[in-house]
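Subject: Structure for your review

Dear colleague,

Please find the structure below, handed over for your own inspection. My notes on it come after the display.

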Amino acid sequence: MVVVAEIEARIRSNLEPTSCEVTAISEEDRKYSVAIVSHIFEGMPLLKRHRMVNDLFKEELLSGDIHALTIVANPP
Amino acid sequence: MVFFFPSFFFHNHDRELSCKKLSKAFIYIKKIHKMRSVSSLKEYSSLKEEAGNGLGLVVHFSASWCEPCKNVRSMLEGYLSQYNQKVLFAEVDADLVTDVCEAENVECVPFIAFFRTSLRERAQERVADVVGGKLDHLEMNLVSLYGNGHDTRESFPDLNEYLKYLTSRKGVVAFITGTPSRPRCGFTGRLVEIFYELGIKFIYYDVWASDEVCEGLKKYSEWPTYPQVYVDGELIGGYDICSQLKESGELKAILKH
């Protein structure tokens, strides 16, 4: 079981976001939404940004603990 | 095709046996290449049972008075030889065989239902529908569900080669859960809606059809979820990225449309 706080903590400790918002779209269906603003994303293609976020939760996504992660990832 | 057998090749008994085998072969070939006409629920059940041996099945519900049905029939007949021994094609006259229409919950013509042998049940599973005579949707589903007739998994040396082939096919290739007309996940449904809205032509692969592909492609692409959208073998992204690219007005260009 994954909780919103855990998702947020992992993002904060890895991506140095200036803002980070995590929402459970449906806890039951294990769908979460993350909106991240970080300097790390400057000049980075959209696919790479999403992959970077996905990689943080690779195990959970593959195991099904997280079914879907809706991602908005932008530089400031 | 004419066979000539000089009479001295056979004793009478051998000739009879050979002719019987030949006749059966002809019947078999004719049967496979022909559009099946279904005239009863019993016949329909037998057809589905026959297709349950690893084949696909396409059923065209039509009517004699229906003009678009002629175009559908003509198009499907054009695919008979390509999908020989892989897909069965059948036609049901909706006016005459009402119990089959009721069994399949079909209420209009033309209506084309697509079936696949289910991995899990060894029975025909209905996986896609085309309502009306949309020939482009008809073609999309045929190619997406049954390939080109000879590009099955077994014809590739390993999974990676197969995945490379699948992702590199011409145009936009979307790996989705379910099909456009029968999506199994909200993200798949929403992705398809974006494509339709922008007039983006695509083919799909239903990852539910193969656990090997479903799990293998995640590793191949280093992308852990579905849908996954490809152009020229390159991963574009999932629903989120396509949605954001649509909002920014870049999606059609990136999909080379």
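The notes below cover model confidence, overall make-up, the chain interface and some side-chain interactions.

Confidence and overall make-up

Please bear in mind that this is a predicted model. Chain B has a mean pLDDT of 87, with 86% of its residues at 70 or more. Among the elements of chain B, strand β6 (residues 172-176) has the highest mean pLDDT, 98, and helix α1 (residues 12-33) has the lowest, 52. In residues 1-5 of chain B the pLDDT is below 50, and this stretch has four contacts in the model beyond near neighbours in sequence. Residues 7-16 of chain B also have pLDDT under 50, and for them the model has four contacts beyond four places in sequence. I would ask you to read these parts of chain B with those values in view.

Chain B is made up of ten helices and nine strands. It has 257 residues, of which 48% count as buried. Of the contacts in chain B with a separation of 6 or more, 67% are between residues 24 or more positions apart.

The interface between chain B and chain A

At this interface, 15 residues of chain B are in contact with 14 residues of chain A. The area buried between the two chains is about 1300 Å², and carbon and sulfur atoms give 61% of that area. The rule finds zero salt bridges across the interface of chain B and chain A, whereas it finds four residue pairs in polar contact there, both residues being at pLDDT 80 or more. On the side of chain B that touches chain A, the elements giving two or more residues are α8 (211-221), β9 (234-237) and α9 (239-247) of chain B. With four residues, α9(B) gives the most to that side. By residue class, the side of chain B that touches chain A divides into eight nonpolar, four polar and three charged residues.

Helix α8(B), one of the elements named above, has a set of buried residues: B:Val213, B:Cys214, B:Gly216, B:Leu217, B:Lys218 and B:Ser221. An α-helix has 3.6 residues a turn, so residues three or four places apart point the same way. Just after α8(B), B:Glu222 takes a positive phi of about 55°.

Salt bridges

Over all chains, the count comes to 17 salt bridges by this rule. Which residues of chain B are linked in a network of salt bridges? They are B:Lys48, B:Glu104, B:Arg126, B:Asp129 and B:Arg182.

Within this network, the side chains of B:Arg126 and B:Glu104 meet in a salt bridge at 3.2 Å, N to O. The pair links distant parts of the chain, 22 residues apart: B:Arg126 is in strand β5 (residues 124-131) of chain B, and B:Glu104 is in the loop between α4 (98-103) and β4 of chain B. Both B:Arg126 and B:Glu104 are buried. The side chain of B:Arg126 also meets that of B:Asp129 in a salt bridge, at 2.9 Å, N to O. Because its relative accessibility is 18%, B:Arg126 falls under the 20% limit and counts as buried. B:Asp129 has a relative accessible area of 14%, so B:Asp129 is buried as well.

A further salt bridge joins B:Asp232 and B:Lys256, with the closest N and O atoms 2.7 Å apart. This pair also links distant parts of the chain, 24 residues apart: B:Asp232 lies in the loop between β8 (228-231) and β9 of chain B, and B:Lys256 in the segment after α10 (251-254) of chain B. B:Asp232 is partly exposed, with a relative accessible area of 49%, whereas B:Lys256 counts as exposed at 58% relative accessibility.

Polar contacts of B:Thr117

Is B:Thr117 buried or exposed? Its relative accessible area is 12%, so B:Thr117 is buried. B:Thr117 is found in strand β4 (residues 111-117) of chain B. Its side chain makes a polar contact of 3.0 Å with the side chain of B:Gln124. In addition, a polar atom of the B:Thr117 side chain lies 3.3 Å from the backbone nitrogen of B:Gly54.

With kind regards

Notes:
Residues numbered from 1 in each chain as written. Chains lettered and ligands numbered in written order. Heavy atoms only, no water. Contact = heavy atoms within 4.5 Å. Buried area = accessible area lost by both parts, 1.4 Å probe. Salt bridge = Lys/Arg side-chain N within 4 Å of Asp/Glu carboxyl O. Polar contact = N/O pair within 3.5 Å; in protein donor to acceptor, adjacent residues only side chain to side chain. Nonpolar A, V, L, I, M, F, W, Y, C, P; charged D, E, K, R; others polar. pLDDT = per-residue confidence, 0-100. Buried < 20%, exposed > 50% of the residue type's maximum accessible area, 1.4 Å probe, protein only.
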